[in-house]
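Dear colleague,

I am passing a structure on to you with this message. Please look through it before reading the notes placed below it.

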Amino acid sequence: MTNHNSKEAAIFTAAVEAYRRMSGLRSNRERMKNYAYGRQWNDRVVDPITGESMTEGDMARQATGRDPLTNNLIRQMVKTIIGRFRYMRAKEPIADRNMTHLYSFNSLDEIDSRAMEEFLMSGCIIQRVAAERRRDGSLNHYVDNVSPADFFINTINDPRGWDTELIGMLHDLSLPDVESRFGNNDPKKIAIIRHAFSADCGDSRFFRSPTGRCRVIEVWTLESIRTARILDPESMDYREITVTPAAAEKLRSDEQKRREAGLSPLRVNYSRVNRWHGRFFAPDGTMISHVVSQLSSGEHPFVVKFYPLIDGEVHSFVEDIVDQQRQINRLLVVSDNILSTAAKGVLMYPTRAKPDFISWHDIARRWAVCGSLIPYEPVAGGDMPKQITSSGLDAGVTTLLDTQMKLIRDISGVGSVISGGNSVSGTGADSLAAQVDNATIALNDLFATFADFIARRDKKASDLPGVF
């Protein structure tokens with residue numbers, strides 16, 4: 001690390017540790033994402049015979065010689081919930097003109113739908129709101145989804161996030177973008193940035209970025225600072241300052257000048273407050289920028305929701321139904337194996353009944369032709385040619401599969417009514433709406449949690465400095 005400031009070094013180290021502590025969440029999210037997108041045989045297992053580590057898919061291929069089957073019910077359920085969310089969203093007009101512009105400029109209907117998809121898979125919703133100048137050079141309010149793979153936060157237990165003390169994310173930017181955003185057209189600062197990003201960043205996953213990109217680590221910390229509220233009794237001017245050594249020295253100098261001029265002393269009230277500070281680091285720990293919050297509330301720019309966050313644990317919608325999906329896939333493989341090994345039109349032809357003037361190849365060929373004739377010589381007391389067709393022994397697989405299909409619908413709360421099925425002809429609109437409302441009860445907690453997130457996001461976005 002090239003940053004020699006002990007405070008900045010401690011913050012950078014704390015950010016690295018926070019990122020590493022979230023490795024379990026990132027790993028679980030990747031697994032849930034695999035299940036949601038159909039990669040459902042990627043779990044690692046150990047071959048009990050060889051002790052070799054492999055995926056469940058590879059083990060199934062070794063056992064059967066075929067790719068294992070997948071019936072991806074999770075993806076359909078996720079799409080159904082997102083469709084219901086979009087339908088509910090379309091019925092809620094936005095009254096505030098600035099919010100309408102924010103929604104339109106950032107395509108928030110699309111952004112929030114993807115955030116809902118992430119929420120269903122990982123149990124995390126993370127967005128960043130900021131007033132920034134981006135590629136077109138103009139200042140605008142931006143709302144961006146943040147991947148949990150690039151996010152870190154201190155260990156929290158409060159669903160509202162009120163115990164957050166450190167929060168941040170990883171950015172992968174081009175070098176010109178880094179110079180534009182953090183160089184401030186200062187040649188010395190740009191030279192420092194170029195040197196920092198030319199350094200060897202080591203092997204840690206925290207530092208790695210795609211080829212040709214620069215990884216910038218954004219870290220926000222809640223810090224206690226001393227402030228002074230100052231009232232000039234002569235002019236009645238009021239101001240509030242952060243008490244730094246330089247500010248304290250200036251305040252003493254001002255007081256001395258007032259005494260010499262015979263003016264009344266300033267009225268100063270000291271206090272301590274918590275404020276959020278943002279720092280941007282290069283991978284080697286060099287701080288390339290230090291900012292204060294743009295928000296009038298002094299908050300950090302992130303809006304975060306983890307679900308359900310009981311004792312700090314995160315569990316997603318997809319996680320609730322993974323076991324049923326796994327069992328359905330396994331039952332499909334069992335059923336496929338039974339069908340593939342069952343006899344299908346096998347011809348049992350006694351060798352003693354075969355005439356000399358016809359070959360086995362010709363018999364097989366004629367057997368496959370409709371209306372063909374196959375002569376044979378009957379033998380006293382012998383068997384005649386016959387065909388065997390077997391559907392295989394079910395062994396209760398169908399019943400078990402039906403049970404798992406019902407379980408996955410019951411556990412998820414996504415029944416056929418929500419997805420538009422089972423509507424009986426002649427059912428009135430009010431009755432159908434009531435059925436949908438009743439069927440949605442199991443999902444109300446998810447929708448209400450997301451609505452709370454959106455309300456907090458909109459409030460934070462409206463707190464940004466004026467642009468629109």
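The notes below cover a set of paired strands, the cysteines and two pockets.

Please bear in mind throughout that this is a predicted model.

**Strands 5, 6 and 7**

I begin with strand 6, which spans residues 166-173 and is mostly covered, with seven of its eight residues buried. On one side of the pairing list is strand 5, residues 151-153, which runs antiparallel to strand 6 and is joined to it by three bridges. Within this pairing, I153 stands opposite I167 of strand 6. Strand 6 also pairs with strand 7, residues 214-231, again in the antiparallel sense, and here eight bridges are found. In that second pairing, L173 is the residue opposite C214 of strand 7.

**Cysteines**

The count of disulfides in the model is zero. Two cysteines may be set side by side with regard to their surroundings. C124 has a relative accessibility of 1% and therefore counts as buried, the limit being under 20%. C370, in contrast, has a relative accessible area of 79%, so it is classed as exposed, for which the limit is over 50%.

**The largest pocket**

The largest pocket holds about 970 Å³ of space. Its lining is made up of 39 residues, and those nearest the centre are R128, E132, R133, R134 and R181. By class, 17 of the lining residues are nonpolar, nine are polar and 13 are charged.

Which elements supply at least two residues each to this lining? They are strand 3 (124-133), strand 4 (139-145), strand 6, helix 7 (175-182), strand 7 and strand 10 (287-292). Strand 3 gives the most, with six residues. Strands 6 and 7, described above as an antiparallel pair, thus appear again among the contributors to this pocket.

**The second largest pocket**

The second largest pocket has a volume of about 500 Å³. It is lined by 23 residues, of which R160, W162, E299, R456 and K460 lie closest to its centre. Strand 11 (302-306) and helix 14 (444-462) each provide at least two residues of this lining, and strand 11 gives the most, with five. The classes here are 12 nonpolar, four polar and seven charged residues.

With kind regards

Notes: Residues numbered from 1 in each chain as written. Predicted model: local features only at pLDDT ≥ 70, side-chain atom pairs only at ≥ 80, totals over all residues. Heavy atoms only, no water. Buried < 20%, exposed > 50% of the residue type's maximum accessible area, 1.4 Å probe, protein only. Helix = DSSP H or I, 4+ residues; strand = E, 2+ residues; numbered from the N terminus. Pairing = 2+ DSSP bridges. Disulfide = S-S within 2.5 Å. 1 Å grid on protein atoms, 1.4 Å probe; cavity = no way out; pocket = protein on both sides within 12 Å on 5 of 7 lines; lining within 4 Å. Points joined across faces, edges and corners; volume = space filled by probe spheres on them. Nonpolar A, V, L, I, M, F, W, Y, C, P; charged D, E, K, R; others polar.
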